[in-house]
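Colleague: I should like to understand the terms used for this structure. May I ask for the reasoning behind each of them?

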Amino acid sequence: MITIIAGTNRPNSNSLKVARYYQKKLEEKQIGSEILSLEQLPHDFLFSDLYGKRSEAFLPIQERITATEKFLFIIPEYNGSFPGVLKALIDGCSFPDSFFGKKAALVGISSGKYGNIRGVDHFTGVCHYLQLHVLPLKLHISYISKEFNENYDFYLEDTLKFTNQQIEEFIRF
Ligand SMILES: Cc1cc2nc3c(=O)[nH]c(=O)nc-3n(C[C@H](O)[C@H](O)[C@H](O)COP(=O)(O)O)c2cc1C
């Protein structure tokens, strides 16, 4: 199973729009996937599901993570790194079985100039600690609000080229 994680709980996030775009492109290639937006986390997640606790509300999310073989993380740049809520998800998931030996592709996005290069690097370090194998082709999409057409699809030539290439490699990975 493939799970696309939109790496923020910010309402109306660009991360979720990018996650939907990737899901649509995978669907066009007959590859099914599910989106996990961090908006779906229980609202008291930081207190209900860390340090050995497990809430009823988080169970379906943990089950989905456990069943996933390949993850695609959409990672927005927050203060020069990846969002704290994404690290909280990782810390709250059961260890080591949630991510150990599995595969992941990473896409950084930002409203600024750098496409979350540093945050994707930080997150790659976390993945390596978890022994979650990272696809070498990582994308960094900057000025994200200029990237979408009216259907929230990418349309710029370079972005189409590199997202297509990453999707192909993710399928083969
Ligand atoms: C808490 C916070 C911190 C942010 N820090 C940065 C930043 O360091 N650099 C940047 O280019 N954009 C920054 N942004 C803007 C996001 O990159 C922007 O919201 C973008 O749309 C991706 O995030 P989203 O999925 O929340 O929409 C920040 C946004 C938030 C909410």
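Modeller: Around the ligand there are 15 residues, and the closest are Arg10, Asn14, Ser15, Tyr78 and Asn79. A residue is near a molecule if one of its heavy atoms lies within 4 Å of it. This is a predicted model, in which local features need pLDDT of at least 70 and side-chain atom pairs count only at pLDDT 80 or more, while totals for chains, interfaces and linings use all residues. Residues are numbered from 1 along each chain as its sequence is written, and side-chain values use heavy atoms, with hydrogens and water left out.

Colleague: What makes the pair between tyrosine 78 and the ligand a polar contact?

Modeller: A polar contact with the ligand is a pair of N or O atoms within 3.5 Å. An N or O atom in the side chain of tyrosine 78 is 2.5 Å from an oxygen atom of the ligand, so the pair meets the definition. A backbone N or O atom of asparagine 79 lies 2.8 Å from a ligand nitrogen atom, and one of serine 111 lies 3.2 Å from a ligand oxygen atom.

Colleague: What classes of residue form the shell around the ligand?

Modeller: The shell has 4 nonpolar, 9 polar and 2 charged residues. Ala, Val, Leu, Ile, Met, Phe, Trp, Tyr, Cys and Pro count as nonpolar, Asp, Glu, Lys and Arg as charged, and the others, Gly among them, as polar.

Colleague: How do you know that the radius of gyration agrees with a compact globule?

Modeller: The radius is taken over C-alpha atoms, and the globule rule is 2.2 Å times the number of residues to the power 0.38. For 173 residues a compact globule would have a radius near 16 Å; the protein chain has 15 Å, which agrees. Its C-alpha atoms fill a box of roughly 45 × 30 × 30 Å along the principal axes.

Colleague: What is notable about the backbone at proline 96 and asparagine 116?

Modeller: The peptide bond from phenylalanine 95 to proline 96 is cis, with omega near 5°. Asparagine 116 has a phi near 60°, a positive value in a residue other than glycine. Most residues other than glycine have a negative phi, and most peptide bonds are trans.

Notes
A polar contact is a pair of N or O atoms within 3.5 Å; within protein, one must be able to donate a hydrogen and the other to accept it, and residues adjacent in sequence count only if both atoms are side-chain atoms.
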